[in-house]
Every structure is written in C-alpha cells, then in structure tokens.
Amino acid sequence: MNLQFIVDGLISGSLIGLGAIGITLTYSILRFSNFAHGDFMAWGAYGTLSVVAAIGALVGTTAPIGALSFGWPLILAAIAGMIMTACLALLLDWLLFARLRDKGQSIIVVMASFGASMALRSLLEFIFTSSPTYFSRGIQMAIPIGLGIRITPDQMVMLATTIVLVTAMHLFMSRSQTGREMRAYSQNPALARVVGINVDRVVRATWIIGAALACAAGVMVGILVQIRPLMGLDLLLPMFAAAILGGIGSVPGAVLGGLIIGLSEAAAVQLIGAEWRAAIAFAILMAVLLVRPMGLFGRAER
Amino acid sequence: MSIPDVPILDVRGLIAGYEPGLSIVKGASIHADEKEIVVILGPNGAGKSSLIKAIAGLVPITGGEVLLDGRDITHGAAHLRVRQGLAFVPQTENIFPLMTVEENLRVAGGVLQRGEVQARIDETYTMFPDLARQRKLAAGSLSGGQRQMLAVGRALIVHPRVLMLDEPSAGLSPKFVEMVFARLNEIRRAGLTIVLVEQNARAALAIGDRAYVLVEGREAHEGRAATLWEDPVVAELYLGKRRHA
Amino acid sequence: MIDLLGYGAFFMSSALIFGLIALGLNLQWGQTGLFNVGIAGFVAIGAYTSAILTTPETADRIGGFDWPILAGWLAAALVTAAAAALTGFATLRLKSDYLAITTFGVAVVVQLVALNAQSLTGGPFGVAFIPRPFASLQDQPVLFNFINLGVIAAVTVAVYLALEHLARSPWGRVLKALREDERAAISLGKSAKSYRIQAFAAGGAVMGLAGAVQAHFIGFIAPNGYLPTLTFQVWAMLMVGGSGSNRGAILGSVVVWAIWVGAGAFSAAVVPGDWQARAASLQIVAIGVMLCLILLWRPQGFFGPQGFFGKRRS
Ligand SMILES: Nc1ncnc2c1ncn2[C@@H]1O[C@H](COP(=O)(O)OP(=O)(O)OP(=O)(O)O)[C@@H](O)[C@H]1O
Ligand SMILES: [Mg+2]
C-alpha cells in the first residue's frame with residue numbers, strides 16, 4: 001500500500017478536526033447539534049475570498065510567500081474572515097438560536113439549524129453561483145520526503161497551522177478563565193450561574209471560537225482543494241462523526257477523531273475507491289454509536 | 001443585640017415556580033440581618049430549596065421582591081447576584097466533577113483580579129486543609145464531606161456578604177456535620193450572614209439565631225432559634241409531620 | 001382548458017405525494033418526537049426498491065424482476081421500514097441529536113449508493129422505464145393524469161385513515177404518553193425504546209411507499225431527485241401544516257408545493273436565463289427563512305387542530 005495516504009489523511013483529518021471542535025463545543029455548551037456549522041466553513045472561505053479580492057483591488061497583485069501558493073493578503077483576509085464568520089454566528093444566535101433555546105426544546109434548535117443551514121448555503125449559491133472557485137490557480141510541486149510520500153509546501157504550512165491552532169485551543173480551554181468557565185458551564189449550567197459565571201459571555205465565546213475555527217478550516221480547504229457553496233455540507237457528516245468519536249465536549253477528542261476519520265478515508269480511497277469516501281464517516285459513526293456511544297474521551301450522558 | 005433598620009437580605013412576599021401558572025413558593029417573606037444565622041426548616045416538599053433557589057436567581061420569580069442591602073435584585077441574573085454579594089451552595093451537584101479542586105475554586109474568581117484569586121484560594125486552603133492536599137485531584141473523586149467543603153470554599157472565594165446553603169449536612173457522617181457547622185459559625189463570626197436550609201434541625205438550631213418554618217411555600221412560623229421547640233404551632237406543624245414521615 | 005385540468009391533476013398528484021411523505025414524517029416527528037433529517041434517503045430507498053423489482057429485465061443492471069406494481073410498493077414500504085428500524089435501533093437509546101445525525105448520514109450514504117452502485121441503481125443516470133399504473137391509457141393524457149391522481153389520492157386517503165386509526169389505538173396513545181410525559185417514558189423503560197423504533201419504522205414505511213408511488217408516477221428516477229432539498233421541503237410542509245396533525249401534513253404539502261411551483265414559474269417568467277439558477281437558490285433561501293420564522297412565531301403551524309384554519313382547542 002502506498003504510504004501517501006498518511007499525508008492525505010492527516011491533512012483532511014486536521015480540517016475535519018478543526019471543524020469538529022466547533023461542533024463539540026456547540027453540543028456540550030449550547031446543547032444542540034448545529035447543522036449549520038458546515039456552512040460557517042463555506043461562509044468563512046467565501047468571506048476570505050472576498051477580502052482577498054478587495055485587497056487585490058486596492059494594492060494590486062502581490063507575490064506569494066516563498067514556495068507557497070499565496071501571499072500576505074490571504075493571511076490578513078483569513079483573519080478578517082474569521083471575524084466575519086464569528087459575527088455571522090453571533091447574528092444567527094441572536095436572531096434565531098437564542099430565542100429558541102429560551103423555549104427549552106433542544107431538538108427545535110437542531111431543526112432551526114437545519115433550516116438555517118439550507119438558507120445559508122443557498123444564499124452562497126445565489127451570490128457566488130455553485131461553480132467552484134480558487135484562491136490560486138497555480139499548481140504546486142509536491143516535494144518527496146521519503147518512503148514514497150510527497151507533500152506540497154501549502155500542505156506543510158496547513159499542517160503546521162493546524163498544530164498551532166489546536167495547541168492554542170487546548171491552552172485556552174485549560175488555562176484561561178473563559179476556557180474554565182466554558183468547561184464549567186458544559187458540566188452543569190445551573191451551578192455555573194450560581195458561581196457567578198456570565199452565561200451570555202460563555203455562549204458568545206463558544207460561537208466565536210467555533211465559527212473562527214470553522215472559517216480557518218474552510219480557508220484551508222479552499223487553499224488545498226477548492227471553494228464551493230457545498231464544501232461545508234460535504235464535511236458535516238465527517239465532522240459530526242469526529243466529534244462523537246472523540247467524545248462530545250472534548251477538544252482533543254474532536255481533533256483525534258478528525259485525524260482517525262481523515263486517515264480512514266484516505267486509506268479507503270486507496271483500497272475501495274474514491275467514490276465511497278463519504279461512506280467511511282458514516283461507518284465509523286455507526287460503529288461508535290453501537291459500541292461506545294460516549295466516544296473515546298467522553299463520559300456517559302447524564 | 002440591636003436590630004439594624006435595613007436587613008441585609010430582605011425577601012418580601014416571594015412567589016416563584018418552575019412552570020408558568022404553578023407556584024411552589026407562595027408568598028414567602030423572610031429576612032436576615034448582619035452576621036445572623038437564619039435557619040429555614042420545614043417538611044419535605046415545603047419549598048425550602050425552591051425558595052433559596054429563587055433568591056439565588058435559579059427559579060423564575062413571578063411576584064414579591066428580593067432586596068440585598070436595600071437594593072432590589074428580584075429580577076437580576078444569577079451571576080450578578082453573586083457579584084453583589086449573595087452566594088449560594090446548592091444541595092446536590094454543587095461541584096464541577098471533571099475539574100480539579102483548584103480549578104473549581106478558580107472558576108468562581110472570574111470577577112477578581114489575577115493576584116487576588118490566588119490569595120483567596122490560599123485562604124480557602126487554610127480554612128479547609130483537606131482541600132489543599134487534593135488540589136490537583138478531579139473534584140468528582142472527593143468524598144461527600146470534602147465536596148461540601150469545596151462547595152462552601154468556592155462560594156466564599158468572592159467574599160460574599162450573605163451565604164445561603166441548602167442542607168449542607170445531608171448525607172454526612174456526624175463528625176463531618178459537626179465540623180461543617182463549626183466552620184459556618186466561624187464564618188459568621190468573621191462577618192457573614194448565613195441562611196441555612198436544614199433537615200438536621202437540632203444541629204442547625206444550635207448555631208442559629210433565628211428560624212423560620214416553611215409550610216406549603218410560605219413561612220408558617222418565625223422565632224428565636226433557641227426557643228423554637230417550645231412553640232406548640234411548630235411542634236404540630238413541623239415536628240408532628242416529621243414523626244409521621 | 002383541458003390542458004389546465006390536466007395540469008391541475010398533475011400538480012395535485014405531485015403535491016399529494018409530498019403529502020404522503022409528510023404523513024410519514026408526522027408519525028415520526030409530530031406524534032413521536034423523532035427528528036429525521038434524512039427523509040430524502042428513506043424516500044429514495046422506497047423508490048429504488050420498487051423500481052428495481054418492477055422494471056422489466058435489463059442487460060446492464062441487476063434487477064428488473066418485472067414484479068407487479070403493487071408488490072413493488074409493498075416491498076418498498078417493507079424495505080424502508082427495515083432501514084428505519086435499523087437506524088432507530090442504533091440511536092434511539094441515545095440523546096435525540098444522535099438520531100438526527102444518523103439520519104443525515106443515512107441520506108448521504110443512500111445518495112452515494114444510488115450514484116455509485118451502477119450495477120444496481122444505474123448510477124447517475126438512474127432507472128428508467130418504471131411501469132406506470134394503467135399505462136394502457138397513456139395516449140389519452142388528461143384521462144391518464146386523472147387516473148394517476150385517483151390512484152395517488154386513494155393511497156393517500158388509505159394511509160391517512162390508517163394513521164388516524166393508529167393514533168387513536170392503544171398503540172397511538174402510548175406514543176402520545178411517551179411524547180408528553182417524561183415519567184411515562186421512564187416507567188416504560190425498555191419498551192419505550194421499542195415503541196419509538198416501531199413508530200420510526202412505520203413512518204419510514206410511509207416514506208418508502210411515497211417514494212415508490214412517486215417513482216411509478218414519473219416513470220424515471222435518478223440520484224439527484226433525492227438531495228437534501230427534498231428533506232427540507234417536506235419539513236417545511238409539515239411545519240406549515242402543523243406537526244402532530246395528519247390533516248395539517250397534507251394541507252401543508254399542497255400549500256407549500258403550490259408556493260414552490262408558483263415561485264418557480266414566476267422566476268422562470270421574470271428572471272433572465274443566466275440568472276435562473278440563482279433564482280432557484282433564492283427560492284430555497286426563502287423556504288429556509290420561512291421554516292425558521294415558523295419555528296419562532298408559529299410552531300403549531302397553520303392547518304392543524306390548533307392552527308388558524310382549524311377549530312381552536314377550547
Ligand atoms: N426542578 C423542578 N421542576 C419542577 N418542580 C420542582 C422542581 N424542583 C422541585 N419541584 C417541586 O417543588 C416542590 C417543592 O420542592 P423543594 O425541593 O423546594 O422542597 P424542599 O422543601 O426543599 O423539600 P426537601 O426537604 O425534600 O428538600 C415539590 O413539590 C417539587 O415537586
Ligand atoms: Mg430541598
């Protein structure tokens with residue numbers, strides 16, 4: 001078997017894992033499965049693309065950084081995109097989710113997220129059409145790194161970025177006061193209020209983090225593959241599967257789950273063909289639900 | 001002892017319930033003065049827990065008012081009440097089991113300055129040396145008594161003015177009960193006001209100054225803790241039912 | 001005029017098929033509280049099952065068993081019920097969100113199988129020459145349309161009556177108790193799960209049947225007929241009609257389908273050619289926003305027993 005699948009799997013696994021962090025946080029803190037999370041990825045990617053275009057119109061073409069396919073405008077734009085996606089998530093929460101959460105039926109919130117997801121995705125198709133676009137059309141040379149494995153400079157930088165983001169997330173959740181408050185709230189919302197935690201702040205932090213990471217993942221998909229309105233929908237099932245596999249509420253679990261799913265998909269592409277790729281996440285999801293529904297790092301449902 | 005004009009905690013005609021149209025607390029009025037220990041007794045299901053949960057901001061209030069040091073906090077968010085000096089230790093599930101002992105304390109210090117939090121945590125460790133030894137353990141692995149100490153210690157982190165506790169002695173061994181009540185008495189001497197809901201009436205009245213008996217969501221009797229037993233109404237309302245149960 | 005009548009019959013047939021799917025969803029969601037976001041998948045299972053069983057033998061595809069249409073429909077209902085029961089079995093002891101995620105996955109996988117298992121499903125080109133009921137009348141289009149409508153209406157009425165009967169049976173009363181009273185659910189324990197699986201499977205059977213009826217009505221199926229948009233339309237229909245009400249499910253379907261078709265015709269007439277695809281997207285945005293608004297302001301829908309047009313509950 002060709003070992004190239006390891007690099008491919010690690011890369012798609014990191015993207016899934018980054019997205020799954022938002023899913024797992026939304027689920028454990030806001031207590032619903034957000035079907036619109038994939039669309040945050042797509043909106044983030046398109047938002048970033050628009051900012052790149054705006055920067056290009058202002059300062060003209062810029063040279064790419066080193067051997068990469070993109071230059072500093074993309075980095076700036078990605079940060080702007082993360083802010084925009086976070087605002088989108090907060091807006092959606094204010095308009096829709098918060099109002100329904102107050103009524104107390106979590107499954108209604110899930111349904112609303114499903115409706116919102118359809119609307120968000122179709123709005124992208126309306127604005128940008130459904131044909132794919134790219135940050136850069138250049139073809140990158142893959143560098144052999146031994147054992148028959150090749151990796152492009154873009155892929156290396158994306159892997160490094162993921163490691164940085166995940167480490168930062170981990171430190172944030174374990175060391176910062178906001179991270180502690182988020183964990184406390186996910187364990188016992190009523191007690192969290194009693195110990196003086198501002199619930200609204202926790203909710204806001206959850207949306208901001210989830211949406212910003214979704215945007216980051218979306219931009220990475222855009223750099224490595226392409227940008228399409230459906231890009232988030234296609235990653236939704238793998239992201240849910242990763243969050244459940246890792247154990248709902250666990251940030252490291254979501255990332256590990258993402259990597260496992262990415263690697264399994266890449267291996268399956270080699271063994272049974274690329275057309276069945278999307279079934280792998282489902283197979284893993286079913287296996288987890290039947291054998292160990294609390295996931296790798298999860299605790300039993302209260 | 002002279003009674004100050006304005007009680008530090010003043011609850012007037014409180015009406016509260018979990019579902020719309022179904023009040024559990026039906027017009028209860030209680031108050032607590034500076035440095036006082038007020039005990040709330042009552043049969044099971046009388047609404048004692050619901051009453052202090054409502055005061056803490058966890059049960060929707062539909063009538064009456066809650067004044068803290070003269071300020072109306074009836075409709076404030078629960079976390080703001082904590083910041084205004086009203087702390088609450090629930091009866092069950094009163095710690096975050098997956099966080100360490102130290103994180104449990106630290107998470108309550110959100111409004112404090114960075115350096116201040118550490119000082120307060122050290123203060124708590126001095127008061128409850130057991131906790132200091134177990135600071136790195138998951139709180140879920142503590143014993144019942146240790147959990148209770150952690151919950152009390154955490155409530156004290158922000159230096160509240162009023163501390164409300166819901167049956168802190170429930171499920172504890174007599175030795176622990178004694179120690180918890182001794183600590184509460186110390187805390188009061190240090191300047192706190194304590195509102196204590198208890199089933200363990202004897203132990204509670206021993207340290208209490210004043211007591212209420214709550215029946216069917218409203219106070220049926222109020223009196224000095226030391227003489228409460230002598231009141232025939234109380235004996236019938238509370239103790240009579242207790243013996244039945 | 002005749003054309004218009006024929007079109008009216010065609011429109012009502014399509015709407016009633018949606019009504020059938022919505023009836024299945026109403027059993028799952030409205031009566032039992034089970035959230036299904038993979039409706040398109042279950043409808044597809046029914047459609048493909050019946051298509052494979054009833055089409056004449058074909059060289060390049062497994063299947064083509066030339067079964068009678070009714071046998072195909074029955075098989076469609078049974079196979080879909082089995083798929084739904086399996087889904088329920090795997091997830092119904094867990095939190096409700098897991099069922100939602102799993103049904104979403106079912107739709108993804110069914111779509112994948114429809115696209116890639118060429119030798120069974122015909123791949124992207126789908127299955128053609130699905131026999132139509134009373135095909136001998138096909139050369140009289142208006143009559144044929146009305147006969148089709150009659151068949152579909154008969155199936156809808158039969159399913160409607162069966163579901164109404166079920167809802168009033170002891171079985172239906174248990175479902176109602178399970179939905180409304182958490183304590184009843186807890187006291188029933190294990191059998192609560194089994195009731196829920198039964199309801200989910202029965203709802204699935206209705207969706208599968210609807211898929212089969214639709215396949216035989218159109219005579220041709222392909223994977224892109226079973227995209228998430230379908231799931232979404234049916235949800236909008238049930239929510240407009242009022243979940244919990246079978247009558248609402250059918251009325252909601254007719255109304256939403258009319259809005260959908262009307263908006264489509266309007267944009268086809270008004271929007272210039274190169275903007276047609278975009279206008280279609282906007283149509284979905286509008287339905288999505290409508291669904292959210294209904295959840296916010298009118299969760300009981302418009303046509304159910306508590307809706308605008310139904311008798312109000314005293
Ligand atoms: N979360 C809740 N939701 C709905 N009703 C509740 C809830 N908690 C308590 N109740 C109801 O409120 C009433 C009073 O309960 P509460 O716990 O306040 O009584 P209590 O005096 O503390 O009793 P105990 O001595 O057993 O602790 C009970 O009838 C109970 O059923
Ligand atoms: Mg109580």
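Between chain A and chain B, six residue pairs are in polar contact, both partners being at pLDDT 80 or more. That is our starting point on this tour of a predicted model.

**Stop 1: the side of chain A that touches chain B**

Select helix H6 (177-187) and helix H7 (189-194) of chain A, the elements that give two or more residues to the side touching chain B. H6(A) supplies the largest share of that side, with six residues. Colour this side of chain A by class and you will find eight nonpolar, six polar and six charged residues.

**Stop 2: a salt bridge**

Now show the side chains of Arg183(A) and Glu103(B). These two form a salt bridge, with their closest N and O atoms 2.7 Å apart. How many salt bridges does the rule find across the interface of chain A and chain B? The count there is one.

**Stop 3: the whole contact**

Zoom out to take in both partners. Chain A brings 20 residues to the contact and chain B brings 22 residues. About 1,800 Å² is buried between the two chains, and carbon and sulfur atoms give 61% of that area. Which residues of chain A lose the most area to chain B? Pick out Gln187(A), Leu191(A) and Val194(A), which together make up 31% of what the chain A side buries.

**Stop 4: His79(B)**

Stay with these two chains and select His79(B), which sits in helix H2 (residues 78-83) of chain B. Is His79(B) buried or exposed? Its relative accessibility is 10%, and because buried means under 20%, His79(B) counts as buried. Next, display what surrounds this histidine. Setting aside neighbours within four places in sequence, His79(B) is in contact with Arg193(A), Gly196(A), Ile197(A), Asn198(A) and Val199(A).

**Stop 5: helix H10 of chain C**

Finally, move to chain C and select residues 228-241, which are helix H10. With 14 residues at 1.5 Å a residue, H10(C) should span 20 Å, and its end C-alpha atoms are indeed 20 Å apart. Twelve of the 14 residues are buried, so H10(C) is largely enclosed by the rest of the structure. Among the buried ones are Phe232(C), Trp235(C), Met237(C) and Met239(C).

What do the buried residues of H10(C) pack against? Show helix H1 (2-30), helix H2 (39-54), helix H11 (246-270) and helix H12 (276-297) of chain C, and add helix H4 (106-128) of chain A, which is also a packing partner. For a last look, click on Gly242(C), which follows H10(C) and has a positive phi, near 115°.

Definitions and conventions:
Residues numbered from 1 in each chain as written. Chains lettered and ligands numbered in written order. Predicted model: local features only at pLDDT ≥ 70, side-chain atom pairs only at ≥ 80, totals over all residues. Heavy atoms only, no water. Helix = DSSP H or I, 4+ residues; strand = E, 2+ residues; numbered from the N terminus. Expected span 1.5 Å × (residues − 1). Buried < 20%, exposed > 50% of the residue type's maximum accessible area, 1.4 Å probe, protein only. Contact = heavy atoms within 4.5 Å. Buried area = accessible area lost by both parts, 1.4 Å probe. Salt bridge = Lys/Arg side-chain N within 4 Å of Asp/Glu carboxyl O. Polar contact = N/O pair within 3.5 Å; in protein donor to acceptor, adjacent residues only side chain to side chain. Nonpolar A, V, L, I, M, F, W, Y, C, P; charged D, E, K, R; others polar.
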